[in-house]
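These are my notes on the model, written as numbered points. Please read them with the structure open.

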Amino acid sequence: MEIIKSFNLDLSDLRAISKTRNFTVIGTNNAAFSLEIKNEDNYYYNFTTNAFQATKARLNNVAIDSGIYKGHITFPTITDDDQYDIYLFAEPGTKHVDYNEVRFADGSIDINSSIGSNSLLMQKVIYQYTDITLTISTTSPTSAITGSALSNDTLTISRGKNSGLIPFSLSKTSSSGESYKILKQPTSDDILSIASSRTVGSAPEKLPGENEYPESRTAFTGDDINGAITSGSVVRMDNTDLSAVIEVGDKITTDATQDTVDGNVLSGVKVVMDNNVANNMAVGDRITMRGGAAITASLFEEKVITVAALDPDGDNPKEFSMSHSIAILDGTTLVFNSTINRSLTTVTVVETSGTATDFTMSQDIQFRDNAPLTFWPRKNYQWPLNTVHGLEPRMFVISGTNVTSDTRISKYEDTITELANTEKERVIIKNRAPALNAKGVKPTVTKGLVTAQSGNVVFNKQQKIALAGDTIQIAGYGTDQIFKVHGYQLRFTDLAIALTPVTTTTTAASFDSTSVVVAARDGIMNSVSTVSGIGIDPSVVPTVSSGANASGAGTIVLSTAQTLENGVTLTFPEAGKVATITGNVEVIKAGTGDATISFDVEKLIATS
């Protein structure tokens, strides 16, 4: 049996322009094969004409001589993306080398990396792509820098390929009446890459050691219960529009109360108190002692003893019964703690049945009238995203309706500090979690590339439950983040930012005066702009003190008095209306699609 040992062909992505690639088939002498290539339009490659055609064609039943067969394939210029499926058939009496399978991360077979075949067919694939576009732009993440005009630079690049040094230039023009000043010169760390929008899942996951309810809501008017709750899960509060002050998911707690026993309890479960029991307790409240006999207090701690009934005989409003019999001495102080304090209970409906003062709890709990409730909004570090692909630690959230400000992707650590503020201070990490976690779910792979990966993200700040279902955008700075987000490896050189100097003319003469009347003030900045021109004393460079930062004609005030004629042209550097960023970019390796990267102008210029 003859053997085809290997098939050697450059299987990397093709550019849009025509390209000829050589191939070799290596095997034992007289090993026979056929080679067929078909594009996505079901056209076949003709090895004689070196072109694709509608009728079936192949390199048919070729015998290998001297251990190798050499050939070539000419791929055409395309105007849309194309795919070439390559089939190498072993003819009768010949087989492929033993099969060695390679799989992608999603479990599908990577046919280009696999070797040999366990059948007569070995298959490969080549993708050919049209050129892609890299847009270099500017952005103002907080909208602090506005502008009436923007000029980007667009570079056309072959997918996955490299380029030489490409010069670029982009500019931003200020709004009417505004001026720019330069804060610093740009670096590649000022370039922002924004990942595609992500959808936050509905169910955040608690991390080990995390306090999901770190702080309570501010007390609001009407946070007392309006009427004792003796059954069910619906609670009515005093005169409050609850939709404005609580949310679904809030944890609920209430204050403990206490009262003093009036008379010894030597046996049984009935207890008489100094005051009406309905004012201090509800059925289900846990009972503990404050002070008193240690042996009795320990009995209350050993088992959960609760309020079983109020005024059990209907004849004494100061009497209640307990769930267990226990001896209690006269004058003992008892503490009553609601079930809600020992069993997580949350708000499930706000304004139940449309009633503004009603809400529904996650379980049935009885309450005394006027019991004050405290609401604790749920917050979590870890959230599911529809895809975590293209994200990494240090990236930050730039948009989202319910995102806490200054939120970044970060690992989680639950720590305690021993011997704080001493030489022996030590931080102990009790629990930790990675910033990103695929949770064992396989990614989505398209044409050999990971395009999506569901999983969890951990933020540096806990996010309120309202984040569930939100659409957020995540971004990062620098060339590393450009690669992570867009797959482009870029190198920047000779970066610079400059302002176009502002020029205008005087519309009246001035004699030994700091006040100068000019035809236009737009682009001139108070305390920043200097001035030069015929008549300006060059020995002392004046600064504009006031009157600028405006549009239209008017009077500006200089730091030193000047004598100027009417119609003199003045130039005002140091500030301006047009900021231009220039530099060179080298594409070490292009990504797999169009991308936009932006200089964060808030780091480079300011309007005041």
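1. The lining of the largest cavity is made up of 6 nonpolar, 6 polar and 3 charged residues. The model is a predicted one, and the volume of this cavity comes to about 80 Å³. In total 15 residues line the largest cavity, and Thr254, Asp255, Asp285, Ser338 and Arg368 are the closest to its centre. Of those central residues, Asp255, Asp285 and Arg368 belong to the charged class.

2. How many cavities of 30 Å³ or more are there? The count comes to 2. The second largest cavity has a volume of about 30 Å³. Its lining consists of Thr138, Leu170, Ser171, Lys172, Ile497, Ala579, Ile581, Val601 and Ile605. Two elements, strand 14 (165-173) and strand 45 (578-589), give two or more residues to the lining of the second largest cavity. Strand 14 contributes the most, with 3 residues. By class, this lining holds 6 nonpolar, 2 polar and 1 charged residues. The charged one is Lys172, because Lys counts as charged and no Asp, Glu or Arg appears in the lining.

3. Turning to pockets, the largest has a volume of about 1,300 Å³. Its lining is formed by 45 residues, and those nearest its centre are Arg159, Gly448, Leu449, Val450 and Thr592. The lining divides into 17 nonpolar, 17 polar and 11 charged residues.

4. Which elements supply at least two residues each of the lining of the largest pocket? They are strand 8 (82-90), strand 10 (121-128), strand 34 (444-446), strand 35 (449-452) and helix 2 (479-486). Helix 2 gives the most to this lining, with 4 residues. Leu449 and Val450, both among the residues nearest the pocket centre, fall within the range of strand 35.

5. The second largest pocket has a volume of about 270 Å³. It is lined by 15 residues, and the closest to its centre are Thr142, Phe396, Val397, Ile398 and Asp406. Strand 30 (residues 396-399) provides the largest share of the lining, 4 residues. Phe396, Val397 and Ile398, listed among the closest to the pocket centre, lie within the range of strand 30. By class, the lining of the second largest pocket has 6 nonpolar, 6 polar and 3 charged residues.

6. Asp406 deserves a point of its own. Besides being one of the residues closest to the centre of the second largest pocket, Asp406 meets Arg408 in a salt bridge between side chains, at 3.9 Å from N to O. The pair counts as a salt bridge because the cut-off is 4 Å. Asp406 is exposed, at 51% relative accessibility, whereas Arg408 is partly exposed, at 35%. Asp406 is called exposed because that word applies over 50%.

7. The structure holds 19 salt bridges. Among them is the one between the side chains of Glu392 and Arg394, at 3.8 Å from N to O. Arg394 has a relative accessible area of 51% and is exposed. Another joins Lys411 to Glu413, with the closest N and O atoms 3.5 Å apart. Is each partner here exposed or partly exposed? Lys411 is exposed at 55% relative accessibility, and Glu413 is partly exposed at 32%. Elsewhere, Glu36, Lys56 and Arg58 are joined into one network by salt bridges that share partners.

8. One sheet should also be noted. It is an open sheet of 4 strands in the order 7-2-1-9, and its pairing is mixed. Strand 7 (68-75) and strand 9 (94-96) are the edge strands; each has a single partner strand, so one side of each has no neighbour in the sheet. On average, neighbouring strands of this sheet are turned by 30° against each other, with direction ignored.

9. Within that sheet, strand 1 (residues 2-9) and strand 9 run parallel and are joined by 3 bridges. Which residue in strand 9 is the bridge partner of Glu2? The partner is Thr94. In general, the strands of a sheet pair through backbone hydrogen bonds, in either a parallel or an antiparallel way.

Terms used:
Residues are numbered from 1 along each chain as its sequence is written. This is a predicted model: local features need pLDDT of at least 70, side-chain atom pairs count only at pLDDT 80 or more; totals for chains, interfaces and linings use all residues. Side-chain values use heavy atoms; hydrogens and water are left out. Buried means under 20% relative accessible area, exposed over 50%, partly exposed in between (1.4 Å probe, protein chains only). Two strands pair if DSSP finds at least two bridges between them. Axes are lines fitted to C-alpha atoms, for helices over the stretch in contact, and angles run from 0 to 180 degrees between N-to-C directions. On a 1 Å grid over the protein atoms alone, a cavity is a set of points where a 1.4 Å probe fits but cannot get out, and a pocket is an open set with protein on both sides within 12 Å along at least five of seven lines; lining residues have an atom within 4 Å of a point. Grid points are joined across faces, edges and corners, and a volume is the space filled by probe spheres set on the points.
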